[in-house]
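Visitor: I have just opened this one and would like someone to walk me through it. Could we take it a piece at a time?

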Amino acid sequence: MLLLPFQLLTILLPGADSEDGFQGPSSYHVIQISSFVNSTWAKNEGSGWLDDLQIHGWDSDSGTAIFLKPWSKGNLSDEEVTEVEELFRVYLFGFIQEIQARINEFQLEYPFEIQGIAGCKLLPGGSVTSFLSGGVGGLDFLSFDNNTCVPSPEGGSRAQQACTLIMEYQGIIDTGTKLLYETCPRYLLSVLNAGKAELQRQAKPKAWLSSGPSPGPGRLLLVCHVSGFYPKPVWVMWMRGEQEQPGTQHSDLLPSADWTWYLRATLDVASGEAAGLSCQVKHSSLEGRDIVLHWGPPISIALICLAILVPSIILLLCVALWHIKRRSYQDIP
């Protein structure tokens, strides 16, 4: 189990020079998800992340790394890319064989899934904290604390047995310690520096209002949509004057393909209480100029028709007057 995140770190975490003062994402972690369907079929998925932004992937069909940004390999050369891809291919083959060979020992039954995550996070002041954990079937299985494998209570005797086995391999422990506490921070600083221009960009949010499905008789669901903003932190609230409305509900922050974010804020109100409400949006890109959208009564179909007909009627009257005037001039002897 320990080999999973350690090998991923070896592949995805090159050494690099550091640069202080970067403001942006503060952590890097790698994830592998291994799905075992039966004794002859298994699939691995790998990815690397800066906070919640994916910058690495793995194509299991071709056995090649996917660098999702031009800067996501840090200072890794093309030769090093080829080398780590080969290491990853060998590792995946060995990992699958090792798990399948011990399926009875660890009391596993097909189908099952193994998850692993490992990485590091930079803290204020320049210190670093590293983490490594594994799971089986979505449940915590084991983690590492001070270079010691700690079985999760959810893992039961299987996790205890796995930790006992892992701790027998001091060479693996030493390698993992170096990757987590030395290589990972160096790589994190390198890739943050390489991608600084993009990671520190500011994208202004766009906001609009709509009504959602009626929550019940005599009630309205007010919806404030906010999209296209970066970085992720944003404040969106339904307001009445200067008063925040405590009933405001927020959706999850959803990512877009262009690395911007979307959020929806809703408010359930009585129909007669919607007037005077507004949606306020605060974001760093707005530089203090908050977006404020006021809720207005819906425009009736009659008003829409009137807005269309009035200009048409005026145009027809103008044409008619022009013809009358033109004819009157022609009648003059």
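Guide: Gladly, and please keep in mind that this is a predicted model. A place to begin is Arg201, which lies over the face of Tyr230, at 3.9 Å from the ring centre.

Visitor: Which other residue lies over the face of a ring, this time that of Trp259?

Guide: That is Lys69, and its distance from the ring centre of Trp259 is 4.3 Å.

Visitor: Back to Tyr230, then. What kind of peptide bond joins Tyr230 and Pro231?

Guide: The bond between Tyr230 and Pro231 is a cis peptide bond, with omega at about 5°. Pro231 itself is found in the loop between strand 10 (219-229) and strand 11 (235-240).

Visitor: And what lies 2.8 Å from the backbone oxygen of Pro231?

Guide: A polar atom of the side chain of His283 lies at that distance from the backbone oxygen of Pro231. His283 belongs to another loop, the one between strand 16 and strand 17.

Visitor: Is His283 buried or exposed?

Guide: His283 counts as buried, because its relative accessibility is 7% and the cut-off for buried is under 20%.

Visitor: Which residues is His283 in contact with, leaving aside its neighbours within four places in sequence?

Guide: Among them are Tyr230 and Pro231, the two residues we have just discussed, together with Phe229, Pro233 and Val234. The list also includes Gln202, Ala203 and Pro205.

Visitor: You mentioned strands 16 and 17. What order do the strands have in the open sheet of 4 strands?

Guide: The order is 12-11-16-17, and the pairing is antiparallel. Strand 12 (243-244) and strand 17 (291-294) stand at the edges with a single partner strand each, so one side of each has no neighbour in the sheet.

Visitor: How many bridges join strand 16 to strand 17?

Guide: Strand 16, which covers residues 277-282, is joined to strand 17 by 4 bridges, and the two run antiparallel. If you would like a point to look for, Ser278 stands opposite His294 in strand 17.

Visitor: Changing topic, how many aromatic pairs does the count come to?

Guide: The count comes to 6 aromatic pairs. One of them is formed by Trp238 and Trp295, whose ring centres are 6.5 Å apart and whose planes stand at 70°, so the pair is edge-to-face. Trp238 lies in strand 11, while Trp295 lies in the loop between strand 17 and helix 6 (301-331), so this pair ties together parts that are 57 residues apart in sequence.

Visitor: Are Trp238 and Trp295 buried or exposed?

Guide: Trp238 is buried, and Trp295 is buried as well.

Visitor: Which residues form one aromatic cluster?

Guide: The cluster is formed by Phe36, Phe95, Tyr110 and Phe112. Tyr110 is also worth following along the chain, since the peptide bond from Tyr110 to Pro111 is cis, with omega near -10°. Pro111 has its place in the loop between helix 2 (78-101) and strand 5 (112-122).

Visitor: One last thing: which residue has a positive phi of about 55° although it is not a glycine?

Guide: That residue is Asn146, which lies in the loop between strand 7 (139-145) and strand 8 (148-151). Asn147 is in the loop between strand 7 and strand 8 too, and its phi is near 65°, again a positive value in a residue other than glycine.

Visitor: And how exposed are they, Asn146 and Asn147?

Guide: Asn146 is exposed, with a relative accessible area of 64%, whereas Asn147 is partly exposed, with a relative accessible area of 35%.

Terms used:
Residues are numbered from 1 along each chain as its sequence is written. This is a predicted model: local features need pLDDT of at least 70, side-chain atom pairs count only at pLDDT 80 or more; totals for chains, interfaces and linings use all residues. Side-chain values use heavy atoms; hydrogens and water are left out. Two strands pair if DSSP finds at least two bridges between them. Buried means under 20% relative accessible area, exposed over 50%, partly exposed in between (1.4 Å probe, protein chains only). Rings of Phe, Tyr and Trp (its six-membered ring) pair if their centres lie within 6.5 Å; planes under 30 degrees apart count as stacked, over 60 as edge-to-face and the rest as tilted. A charge sits over a ring if NZ of Lys or CZ of Arg is within 6 Å of the ring centre and within 35 degrees of the ring normal. A polar contact is a pair of N or O atoms within 3.5 Å; within protein, one must be able to donate a hydrogen and the other to accept it, and residues adjacent in sequence count only if both atoms are side-chain atoms. Contact means heavy atoms within 4.5 Å.
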